[in-house]
Amino acid sequence: MRESFIPVLDNQAFLNRFGEASAFFSTIDFSRFTIVPLENSWSALQHPFPMPAVRSTNHDFIFITGGATTRMRGMDTYDLDRGKILFMPAYQVSRVMSMSRDITGFFVNFSAHFLAEKLQQKQPLAPFPFWQAQAPAMWTMPLEKIEDWTNALQRMLDLSRSNHPDREHLVVHLLLTFFYDIKPYIQPNVQAGSSAGSAAQLAERFNKVLSEQFDPQKSVADYAALFHVSPNHLNKCVRRVFGKTCSECIAEQRLLEAKMLLRQTAASLGSIAEQLGFADLTHFGRFFRQKTGYNPSDFRKVIDFAE
């Protein structure tokens, strides 16, 4: 697959692109776990808003205790102020659109590998359905809990910057405690998360690969081969869990990629069509018009006017 106009950045690449070697970032190990007080982030980012769209290889969330920020996840825009939390699973396309100078709260970024390593668990985020890509991204938390959770995150921050010999183990357990603490207030109705058995697991794996490593050249048979099952079996499991065929899921992801490229980059229509595997601009335009009712160029104009 050709390189995306929306780059996939690990945390060091993010630092190089947006942090400009700021002292604010340079003392933090971005590859494993990072917690950042938002009151320092406005000046530290050294990049005008809106920031370019990126995909991160890590998970992150932002918890707002004061001020405001606007952030995109995929095609959706979220306005966050006091008491709101936004979850950004790995490989989701994100973009920071604006941030007030008086913002306070915390930005937390971590790798799934780091949690799995420290907890000796293969899927440490499995108990938390709000980390599934299809779950709602933003939640409004009870105001009476803000002080408790602020203290918990501050404790995490202090510990992550300490010289404690077991700080990584302690931080991971504090992070999981935080997730368990907020879990009763966040109960997304995620079908795949509540389904049992191998069918749900296979469908989830398909959905994860599709969203994280989308390749327009891959067919249903290619994905089935990846999971060592037949195309019919994969299709049956996906339809049972998501209510749609594998081909429909692939088309939806292709459309989402097209919308994000049209909205969040200045790439030409021909370049977008080529990246998404269309034979030419005509085929791309026909596909996009059938799915949205708009020509790609008209869609971009509508978005520009709305913003």
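Five strands make up an open sheet here, running in the order 2-9-4-7-10 with antiparallel pairing. Keep in mind that this is a predicted model, with a chain-average pLDDT of 84. Besides the sheet, two helix pairs are worth a look: helix 8 with helix 11, and helix 4 with helix 6.

**The sheet**

- The strand order is 2-9-4-7-10, and the sheet is open. Strand 2 (33–37) and strand 10 (138–140) sit at its edges with a single partner strand each, so one side of each has no neighbour in the sheet.
- Going from one strand to the next, the twist averages 15°.
- Strand 2 pairs with strand 9 (residues 104–110) in the antiparallel sense, over 5 bridges.
- To find your way around that pairing, start from F33, which stands opposite F110 in strand 9.

**Helix 8 against helix 11**

- Helix 8 covers residues 198–212 and helix 11 covers residues 246–264; their axes come within 10 Å and cross at roughly 25°.
- Angles under 35 degrees count as roughly parallel, and helix 8 and helix 11 are therefore roughly parallel to each other.
- The crossing of helix 8 and helix 11 is right-handed.
- On the helix 8 side, the contact is made by F206, L210 and S211, while helix 11 brings in C246, C249, I250 and Q253.
- Sorted by class, the residues in this contact of helix 8 with helix 11 are 5 nonpolar and 2 polar, with no charged ones.

**Helix 4 against helix 6**

- Helix 4 (residues 112–119) packs on helix 6 (residues 167–182) at an angle of about 105°, and their axes are 10 Å apart.
- That angle makes helix 4 roughly perpendicular to helix 6.
- Helix 4 contributes F114, L115, K118 and L119, which meet E168, H169, V172, H173, L175 and L176 of helix 6.
- The contact of helix 4 with helix 6 has 6 nonpolar, 2 polar and 2 charged residues.

**How far to trust it**

- Across the protein chain, 84% of the residues score a pLDDT of at least 70.
- Residues 20–28 are a weak spot: pLDDT stays under 50 there, although the model gives this stretch 19 contacts beyond four places in sequence.
- Residues 191–196 also have pLDDT below 50, with 11 contacts in the model beyond near neighbours in sequence.
- Where pLDDT is low, the predicted coordinates shouldn't be read in detail.

Key. Residues numbered from 1 in each chain as written. Predicted model: local features only at pLDDT ≥ 70, side-chain atom pairs only at ≥ 80, totals over all residues. Heavy atoms only, no water. Axes fitted to C-alpha atoms, helices over the stretch in contact; angles between N-to-C directions. Helix = DSSP H or I, 4+ residues; strand = E, 2+ residues; numbered from the N terminus. Parallel < 35°, antiparallel > 145°, perpendicular 65-115°, else oblique. Left-handed = near helix turned anticlockwise from the far one by under 90°. Contact = heavy atoms within 4.5 Å. Nonpolar A, V, L, I, M, F, W, Y, C, P; charged D, E, K, R; others polar. Pairing = 2+ DSSP bridges. pLDDT = per-residue confidence, 0-100.
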